[in-house]
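Reader: I'm in my first year and still learning to read structures. Could you take me through the place where the ligands sit, one step at a time?

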Amino acid sequence: MNHFFDVDDIGSVELALARARSIKAHPRKGYTEGDRTSIGLLFFNPSLRTRLSSQRAAQNLRMDVVVIDVGSESWKLEFSDGTIMNGASAEHIKEAAGVMGAYFDFLAIRAFASLEDRDLDYAEPVLTAFMKYAGVPIINMESSTGHPLQAFADLITINEFKKTERPKVVLSWAPHPRALPHAVANSFAQWMNRASVDLIITHPEGYELDPKFVGSAQVQTNQSLAFEGADFIYAKNWSSYQDYGQVLYQDSSWMINQEKMELTNQAYFMHCLPVRRNMIVSDQVIDSPNSLVIQQAANRVISMQTVLSMLLEQKSSE
Ligand code: AN0
Ligand code: CP
């Protein structure tokens, strides 16, 4: 694995899950592979879980870890080539990425979609530029189109709690007042397509995701039908992909409540967090014993530690 950009970089999902299981059994076992290695965590956007769980994972492997909010603490960066830089940007990504690559063995980046220009967002300008100019392995901590560390943690959680070999997993759109990116939903769908689950995606008309991520999932615009017999309900809001970045529908009838959970096979409730209570999900559902939101967040340490251990193994073999 040269970079951890999406699921394709992990190789076998089954092997990655086995590795995650053994790390989870002994997360602070006295690993030494990270000794004298360093990682920079670069945030262009806010974070609670990713920021803390990535530090905990690196610390468990005895790596040196530094965090910077590049979005607010550093110079505004220019990403386009050949521009006359007489505007707001003080520094070009070519120098900034090269410099940060000189300071660290690994860089992890969070850079959300702008939700203004679909072609630009889906070309992944920030992560791609870092991969091109930093000269060190890059880890995706949520880019414009994907959040693979979250999806990996979600898969670890589903594997821990599933009661059947091939559970029915439903990714459900739910209402939110602001326009949110597609990254979490895209990656969740992409990873579930590689896992031993039956995936159903349910959303109102107009919220179809990029078919590249939907893969072989069944798509259902009737939420109640989708919930029937489900083992896991994974809630997430996303803005429109067709009418790019727009909020088309805010109807609270799509909120996940107890009545809907009763259509399921006593399903677990999942969400990546942060979540807006009584918009996305009712208090009753998220406060119930079937809610796995804390376990998912806890597994963010495990997904990051697994990815870092694979990257460290690769580095030591070079
Ligand atoms: C972000 C999103 O939907 O991509 C981050 C989720 C991990 N959520 C919000 O901005 C609320
Ligand atoms: N789930 C997740 O990535 O949370 P943060 O945005 O708080 O990092």
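Author: Happy to! Let's begin with ligand 1, whose surrounding residues are Phe112, Glu142, His147, Leu180, Pro181, Lys236 and Leu273; a residue belongs to such a shell if one of its heavy atoms lies within 4 Å of the molecule. Before going further, note that this is a predicted model, in which local features need pLDDT of at least 70, side-chain atom pairs count only at pLDDT 80 or more, and totals for chains, interfaces and linings use all residues. Residues are numbered from 1 along each chain as its sequence is written, chains are lettered from A and ligands numbered from 1 in the order in which they are written, and side-chain values use heavy atoms, leaving out hydrogens and water.

Sorted by class, the shell of ligand 1 holds four nonpolar, one polar and two charged residues. Here Ala, Val, Leu, Ile, Met, Phe, Trp, Tyr, Cys and Pro count as nonpolar, Asp, Glu, Lys and Arg as charged, and the others, Gly among them, as polar. Two polar contacts (pairs of N or O atoms within 3.5 Å) are worth finding on your screen. The side chain of Glu142 has an N or O atom 2.6 Å from an oxygen atom of ligand 1, and a polar side-chain atom of Lys236 lies 2.7 Å from an oxygen atom of ligand 1. Of the 330 Å² of accessible area that ligand 1 has on its own, the protein covers 82% (Shrake-Rupley method, 1.4 Å probe).

Now turn to ligand 2. Ser47, Leu48, Arg49, Thr50, Arg110, His147, Gln150, Cys272, Leu273 and Arg300 surround ligand 2. A nitrogen atom of ligand 2 is 3.0 Å from a polar side-chain atom of Gln150. For Cys272, a backbone N or O atom lies 3.0 Å from a nitrogen atom of ligand 2. Arg300 uses its side chain, with an N or O atom 3.0 Å from an oxygen atom of ligand 2. The protein covers 93% of the 260 Å² of accessible area that ligand 2 has on its own.

Finally, where does ligand 2 lie relative to the domains? Domain 1 (7-146 + 300-317) and domain 2 (150-296) both give residues to its shell, so ligand 2 lies between them. These bounds come from an automatic or database domain assignment. The domain centres, taken over C-alpha atoms, are 26 Å apart. Their contact (heavy atoms within 4.5 Å) takes 27 residues from domain 1 and 29 residues from domain 2.

Technical notes:
A polar contact is a pair of N or O atoms within 3.5 Å; within protein, one must be able to donate a hydrogen and the other to accept it, and residues adjacent in sequence count only if both atoms are side-chain atoms.
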